[in-house]
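Subject: Handing over the structure

Dear colleague,

I am passing on a structure for you to look through at your own pace. Please open the sequence and the model side by side, and then read the notes that follow.

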Amino acid sequence: MSLEESDRTSIDPKGKADHLCVLVHGLWGTPSHLDYLAKSLREKHPEDKLNVLVAKSNSGSYTYDGIETGGERVTQEVEELLNEFIQGGTPIAKLSIVGYSLGGLIARYAIGLLYSKGWFETIKPINFTTFATPHLGVRTPLRGYHSQLWNAFGARTLSSSGRQLFTIDTFRDTKRPILSVLADPSSIFIRALSEFKTRNLYANIVNDRSAPFYTTAIASTDPFVDLDTVDLQTLDSYSPVILNPENPVSPKSTKEPLQPFYTRFTSGGQSLLTRIPLYTALIALIPVATVAWTINSGIQSFRSNKRIQLHEQGKGLDGYRIPLLMNGNSARSAVGGAFRRVNSAHGHDYLPESQDDDSDNLDASAEHLPKLELKRTSSRKADFPTLALSDEQFEMIRSLDNVGFKKYPVHIKNHRHTHAAIIVRMQKPGFDEGKVVVRHWLDETFEL
């Protein structure tokens with residue numbers, strides 16, 4: 001058994017540690033994806049100080065089964081372990097949870113269930129952290145035929161999880177997408193999130209082909225579309241990877257001098273020539289990949305639906321079929337490599353300038369909504385255009401910002417697969433910048 005596997009499985013319910021940290025992996029993920037996080041936690045905090053559980057009940061294609069199914073599985077894992085600690089005579093007193101990618105959404109669902117079942121009355125929630133989690137879903141901004149095509153096609157290739165990530169689902173009897181319910185101020189999920197002592201998120205600013213910056217950072221703007229036009233402000237001890245969360249970026253005060261026409265022409269031609277083999281390969285591979293992906297998605301969706309049916313028939317779920325909203329009001333009345341490349345190829349679409357301030361008016365337009373006594377994170381007026389998000393996404397931003405997340409933009413330059421690099425999903429030299437991210441998380445934000 002490897003060191004990493006040992007870290008994932010060696011929890012002693014009779015040990016001294018009274019703090020449990022749960023790690024939740026993402027779509028198509030396995031517990032091994034979180035090996036570096038688990039190992040780093042263990043090196044920082046020994047077994048007599050911290051218990052580390054890497055949830056394993058949603059491995060592989062089980063992540064197709066939807067956020068609520070995944071959340072219920074993780075909750076069962078956590079509750080079983082909590083009861084083991086109680087029986088062992090050393091009950092858990094503190095809880096932290098970390099979600100990577102889709103795992104962050106599953107974690108948000110799971111803490112709502114734990115909250116509703118009364119666990120937070122005896123256990124103090126400490127740290128809630130997400131890495132590259134698409135809090136607003138993954139549908140691209142609404143304007144343009146290419147965005148509409150991607151939103152329609154992508155949503156139908158990942159079973160329940162796909163529909164939920166693209167917000168075309170209707171969650172139970174709410175008549176709303178599950179992501180909207182997760183962010184409803186009157187929901188058990190927001191109540192649970194507000195209980196945590198710290199709430200932090202890490203969001204890639206470039207090259208995250210699975211979850212773009214605006215959704216992982218819960219933002220209505222993306223100032224990092226063209227890095228040549230902005231100045232990045234970094235944290236000294238973690239430069240150049242971690243940006244200053246209070247003032248991460250500002251427009252460049254002076255523009256770079258325009259190069260001579262010949263220089264621009266020759267450099268552009270060389271760039272095009274170097275890309276010809278790539279374009280040729282893509283022309284040949286994308287149709288094949290599309291067919292293979294569609295067939296596989298159909299098979300996985302069929303299997304997923306069968307698993308969901310079995311899950312719904314399983315024992316012990318009655319405790320999870322609970323009211324999701326605390327009252328009758330609501331905040332609103334009622335995928336794979338080639339596809340990641342298609343998604344990342346879309347340019348952002350923006351609201352007209354006359355609508356850029358719409359997000360600022362969300363508070364005024366929603367004065368009737370139920371209020372929580374929550375700390376709001378400070379934010380500065382954006383100098384960048386507002387993305388053409390949906391009304392539901394703007395409402396998610398408002399609600400989650402009211403809870404208060406500390407948002408850390410991450411600039412990974414040495415590898416184009418930043419979605420994996422941000423947590424060092426595997427040991428690669430190009431992922432070393434992710435180690436800086438993990439070090440910052442453990443040294444600056446994680447509280448024991």
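Is Phe131 buried or exposed, and what is its relative accessible area? Please keep in mind while you look that this is a predicted model. Phe131 has a relative accessible area of 0%, and because the cut-off for buried is under 20%, this residue counts as buried.

Let me begin with the aromatic rings. A pair of aromatic rings is described by the distance of the centres and the angle of the planes. With centres required to lie within 6.5 Å, the count comes to 11 aromatic pairs. One of them is formed by Phe131 and Tyr202, whose rings are stacked, with 5.0 Å from centre to centre and 10 degrees between the planes. Phe131 belongs to strand E4 (residues 124–131) and Tyr202 to strand E5 (residues 198–204), so this pair ties together parts that are 71 residues apart in sequence. Tyr202 also counts as buried, because its relative accessibility is 0%. Phe131 has a further partner in Trp441: the centres of these two rings are 5.6 Å apart and the planes stand at 90 degrees, so this pair is edge-to-face. Trp441 is buried, as Phe131 is. Elsewhere in the list of ring pairs, Tyr115, Phe120, Phe128, Phe196 and Phe405 are linked into a cluster.

Trp441 leads on to the helices, since Trp441 is one of the residues of helix H15 that touch helix H2. Helix H2 (residues 35–44) and helix H15 (residues 432–445) have axes 11 Å apart and pack at an angle of about 40 degrees, which means that H2 is oblique to H15. Their crossing is right-handed. On the side of H2 the contact is made by Tyr36, Leu37, Ser40, Leu41 and Lys44, while H15 brings in Lys435, Val438, Trp441, Leu442 and Asp443. Sorted by class, this contact of H2 with H15 holds six nonpolar, one polar and three charged residues.

A second helix pair is formed by helix H3 (residues 67–87) and helix H4 (residues 102–116), whose axes come within 8 Å and cross at roughly 60 degrees. H3 and H4 are therefore oblique to each other, and the crossing in which H3 passes H4 is right-handed. Among the residues that meet here are Gly70, Gly71, Val74 and Val78 in H3, and Leu105, Ile106, Tyr109 and Leu113 in H4. By class, the contact of H3 with H4 has 10 nonpolar, three polar and three charged residues.

Finally, there are some backbone details in the loops that you may wish to find for yourself. Ser239 and Pro240 are joined by a cis peptide bond, with omega at about 0 degrees, and Pro240 lies in the loop between strand E6 (230–232) and strand E7 (249–251). Ala132 is not a glycine, and yet its phi is positive, at about 50 degrees; this residue sits in the loop between E4 and helix H5 (145–154). Ala132 counts as buried, because its relative accessibility is 0%. Arg172, which is not a glycine either, has a positive phi of about 45 degrees, and its place is in the loop between helix H6 (159–165) and helix H7 (178–182). Arg172 counts as partly exposed, because its relative accessibility is 33%.

With best wishes

Methods:
Residues numbered from 1 in each chain as written. Predicted model: local features only at pLDDT ≥ 70, side-chain atom pairs only at ≥ 80, totals over all residues. Heavy atoms only, no water. Phe/Tyr/Trp six-rings, centres within 6.5 Å; stacked < 30°, edge-to-face > 60°. Helix = DSSP H or I, 4+ residues; strand = E, 2+ residues; numbered from the N terminus. Buried < 20%, exposed > 50% of the residue type's maximum accessible area, 1.4 Å probe, protein only. Axes fitted to C-alpha atoms, helices over the stretch in contact; angles between N-to-C directions. Parallel < 35°, antiparallel > 145°, perpendicular 65-115°, else oblique. Left-handed = near helix turned anticlockwise from the far one by under 90°. Contact = heavy atoms within 4.5 Å. Nonpolar A, V, L, I, M, F, W, Y, C, P; charged D, E, K, R; others polar.
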